[in-house]
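I opened this notebook to record what I looked up in the structure, entry by entry. The coordinates come first, and my notes follow.

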Amino acid sequence: MIPVKRTSTPDILKQNADKWLKKLQEAIINLEEIENDPTSSKEQIQAAKKKVKNAQDKYNPGKTAKHKINTVKQPLYDMFSGKCAFCERKVEISAGRIEHFRPKSQYVDLTFDWNNLLYACEVCNNAENKGNKFPLDCDGTPLLIDPTDEDCDIYQYLEFYWDEKAHLAHVNGKDKGGKVVAEILSLNRNDLIQHRSGKLKPLIVFFLKLAKTGNQEAIELVTQSCKFDQEYTAFALFYILPYLAHALHISEAIEMIKEVGKRSPSYAKFARIDDLSSLNKYE
């Protein structure tokens with residue numbers, strides 16, 4: 001998980017969100033009335049539930065419009081560089097999910113709120129993981145992390161750990177909140193660990209060789225792996241980027257550290273961002 005800058009609200013939501021929300025609220029009220037009516041049939045209840053479901057999915061073109069671009073999912077896909085907001089695995093837009101950070105079942109008013117929408121893979125989004133879960137602490141503060149929340153320091157709560165002996169990449173919670181995040185999102189599920197580790201192992205090996213040789217082509221390839229549109233960037237930010245900035249003075253690496261550091265004081269401290277001001281920059 002990495003900090004992501006939220007883009008502007010898509011026009012379709014600017015134009016339709018209020019109207020869609022009103023229709024959804026009406027459908028929910030209708031469903032409640034039918035469910036509370038002892039004379040209602042199962043068919044009537046099912047029909048009312050379907051109306052609620054249809055009202056919730058107004059931003060989805062549906063099966064009859066596969067040729068159309070989903071004008072809500074596409075901007076989310078672009079904003080997250082085609083990666084799941086939570087696990088950072090690349091996911092094709094056809095398989096991706098529009099994730100409601102605050103579940104639409106509990107926060108109806110935020111169903112069409114752009115600031116509540118994320119892009120997620122099917123696994124992180126499903127009922128066994130995030131689903132409708134939204135735990136709060138004793139003060140009512142969300143325990144889960146929204147990567148677009150500029151007031152949330154992701155790296156205060158999560159540790160991205162590469163086990164050098166086992167060659168496995170783990171995401172661990174630093175505190176109670178971080179552990180809740182890792183557990184609810186199953187950030188260490190077996191298939192994810194295997195895929196994540198498989199992607200990172202050759203990168204780490206390549207990086208270690210780079211540290212010995214200083215080959216320019218190797219530097220460029222490793223620097224590319226740290227960019228925000230790459231899978232599992234969070235690990236590269238910790239294991240590779242600081243070296244590129246401090247040891248090799250790569251200007252692009254320095255700028256990336258500063259960008260992440262603006263959103264995460266914890267990362268800024270780890271990456272020694274204050275020491276970068278004295279470095280000469282090289283293109």
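**Entry 1: F207.** I began with F207, which counts as buried because its relative accessibility is 9%, under the 20% that sets the limit for that word. I found F207 in helix α7, and, leaving aside neighbours within four places in sequence, I listed its contacts as V222, Y239, I240 and Y243. I also looked up the distance from F207 to L144, two residues that are 63 places apart along the chain, and their C-alpha atoms are separated by 32 Å. I note here that the model is a predicted one, and I keep that in mind for every entry below.

**Entry 2: the chain as a whole.** I then stepped back to the protein chain, which has twelve helices and four strands. Its C-alpha atoms fill a box of roughly 80 × 35 × 35 Å when taken along the principal axes. Of the 283 residues, 45% count as buried. I also looked up how contacts are spread along the sequence, and among those between residues at least 6 apart, 65% join residues at least 24 apart.

**Entry 3: the largest nonpolar core.** Which residues of the largest nonpolar core touch the most other members? I found that they are M1, Y155, F160 and Y267, in a core of 81 residues. The largest share of this core comes from helix α1, residues 11-36, which gives eight residues. In soluble globular proteins, nonpolar side chains tend to be buried together. I followed Y155 further and, not counting residues up to four places away in sequence, I listed its contacts as M1, I2, P3, F160, K174, A234, L237, F238, V260, S264, S266 and Y267.

**Entry 4: helix α6.** I next went through helix α6, residues 176-184, where I noted G177, G178, V180, V181, A182 and I184 as buried. What covers these buried residues includes α5 (154-157) and the strands β3 (158-163) and β4 (168-173). At the N-terminal end, α6 is capped by D175, with a side-chain oxygen 3.2 Å from the backbone nitrogen of G177. After the helix comes S186, for which I recorded a positive phi, near 50°.

**Entry 5: N188.** I stayed in this part of the chain and looked up N188, which sits in the loop between α6 and α7 (190-213). Is N188 buried, partly exposed or exposed? Its relative accessible area is 27%, so N188 is partly exposed. Not counting residues up to four places away in sequence, N188 touches A169, H170, V171, N172, I193 and R196. For H170, I noted a C-alpha to C-alpha distance of 6.2 Å from N188, although the two are 18 residues apart in sequence. The side chain of N188 reaches the backbone oxygen of V171 at 2.7 Å, and a polar contact of 3.2 Å joins it to the side chain of R196.

**Entry 6: the largest cavity.** Rolling a probe the size of a water molecule over the atoms shows where empty space is left. I found one cavity of 30 Å³ or more in the structure, and the volume of the largest cavity is about 60 Å³. Its lining is made by M1, F86, C87, E88, L158, F160, V171, L187, R196, Y232, A234 and F235. The elements that give two or more residues to this lining are β3 and α9 (233-239). By type, I recorded ten nonpolar residues, no polar ones and two charged ones.

**Entry 7: the second largest pocket.** I turned to the second largest pocket, in which about 430 Å³ of space lies. Of the 21 residues that line it, I noted F101, P142, L144, D146 and D149 as the closest to its centre. The lining divides into eight nonpolar, five polar and eight charged residues.

**Entry 8: S40.** My last lookup was S40, whose place is in the loop between α1 and α2 (42-56). With a relative accessible area of 16%, S40 is buried. A polar atom of the S40 side chain lies 2.7 Å from the backbone oxygen of I34. Not counting residues up to four places away in sequence, S40 touches I34 and I45.

Technical notes. Residues are numbered from 1 along each chain as its sequence is written. This is a predicted model: local features need pLDDT of at least 70, side-chain atom pairs count only at pLDDT 80 or more; totals for chains, interfaces and linings use all residues. Side-chain values use heavy atoms; hydrogens and water are left out. Buried means under 20% relative accessible area, exposed over 50%, partly exposed in between (1.4 Å probe, protein chains only). Contact means heavy atoms within 4.5 Å. A polar contact is a pair of N or O atoms within 3.5 Å; within protein, one must be able to donate a hydrogen and the other to accept it, and residues adjacent in sequence count only if both atoms are side-chain atoms. On a 1 Å grid over the protein atoms alone, a cavity is a set of points where a 1.4 Å probe fits but cannot get out, and a pocket is an open set with protein on both sides within 12 Å along at least five of seven lines; lining residues have an atom within 4 Å of a point. Grid points are joined across faces, edges and corners, and a volume is the space filled by probe spheres set on the points. Ala, Val, Leu, Ile, Met, Phe, Trp, Tyr, Cys and Pro count as nonpolar, Asp, Glu, Lys and Arg as charged, and the others, Gly among them, as polar. A nonpolar core is a set of buried Ala, Val, Leu, Ile, Met, Phe, Trp, Tyr and Cys residues joined through side-chain atoms within 4.5 Å.
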